[in-house]
Amino acid sequence: MQIQIRTGHNIEGHEALASHFTGVVEESLSRFSDRLTNVDVHLSDENSDKKGGSDDMRCMIEARLTGYQPLAVTNQAETLDQAVDGAAEKLTHLLEHTLGRLEHQASHRTDPPLSSSVQ
C-alpha cells in the first residue's frame with residue numbers, strides 16, 4: 001500500500017507533517033493493506049482567507065482497492081489532526097462495508113462457475 005500526502009497551497013507540506021499523517025493513515029488502514037494499492041490523502045484549509053472559523057480543515061482520502069473503483073471519503077474539522085482521524089475512521093468503515101458486501105456477493109452466487117474448457 002502506497003500512501004501519498006498532498007496539501008493545499010495554504011498548508012505547509014513539510015516532511016514532518018507528511019510523515020505524521022502517513023503513519024496515522026497507515027495504522028488505520030493496516031488490516032486492509034493487502035487489498036489496497038494506493039491511498040491519496042488531500043489536506044486543505046477551506047477558508048484560510050477568512051482567518052478562523054470552525055471546521056475549516058478538510059481531509060479527503062481516496063483509496064484504491066485492487067480490481068475495483070476508488071473509494072473516497074471527506075472529513076472537516078477544526079484541526080488537521082481531527083480531520084485526518086475522522087476521514088481515516090470513515091474510510092475504515094467504508095472499506096469494512098464494501099469488502100463485506102463483496103464477500104457476501106461472492107459467497108451467494110447462483111450462477112455456475114466458469115468452465116476452463118469450452119466444448
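**View A. Pairing of strand 3 with strand 4.** Strand 3 (residues 57-65) runs antiparallel to strand 4, the two being joined by seven bridges. Strands here are DSSP runs (E, at least two residues) and helices likewise (H or I, at least four residues), numbered from the N terminus. Methionine 57 has alanine 77 of strand 4 as its bridge partner. The model is predicted: local features need pLDDT of at least 70 and side-chain atom pairs pLDDT 80 or more, while totals for chains, interfaces and linings use all residues. Residues are numbered from 1 along each chain as its sequence is written, and side-chain values use heavy atoms, with hydrogens and water left out.

**View B. The four-stranded open sheet.** The strand order is 1-2-3-4, with mixed pairing; two strands pair if DSSP finds at least two bridges between them. Strand 1 (2-7) and strand 4 (71-77) form the edges, each pairing on one side only.

**View C. Helices on the sheet.** Helix 1 packs on the sheet and touches strand 1, strand 2 (36-45) and strand 3, contact meaning heavy atoms within 4.5 Å. The direction of helix 1 makes about 135 degrees with that of strand 1; angles run from 0 to 180 degrees between N-to-C directions, and axes are lines fitted to C-alpha atoms, for helices over the stretch in contact. Helix 2 lies across strand 2, strand 3 and strand 4, at about 150 degrees to strand 4.

**View D. Packing of helix 1 and helix 2.** Helix 1 (residues 15-28) and helix 2 (residues 80-107) pack at about 25 degrees, with their axes 9 Å apart. Residues in the contact include Phe21 and Val24 of helix 1 and Val84 and Ala88 of helix 2.
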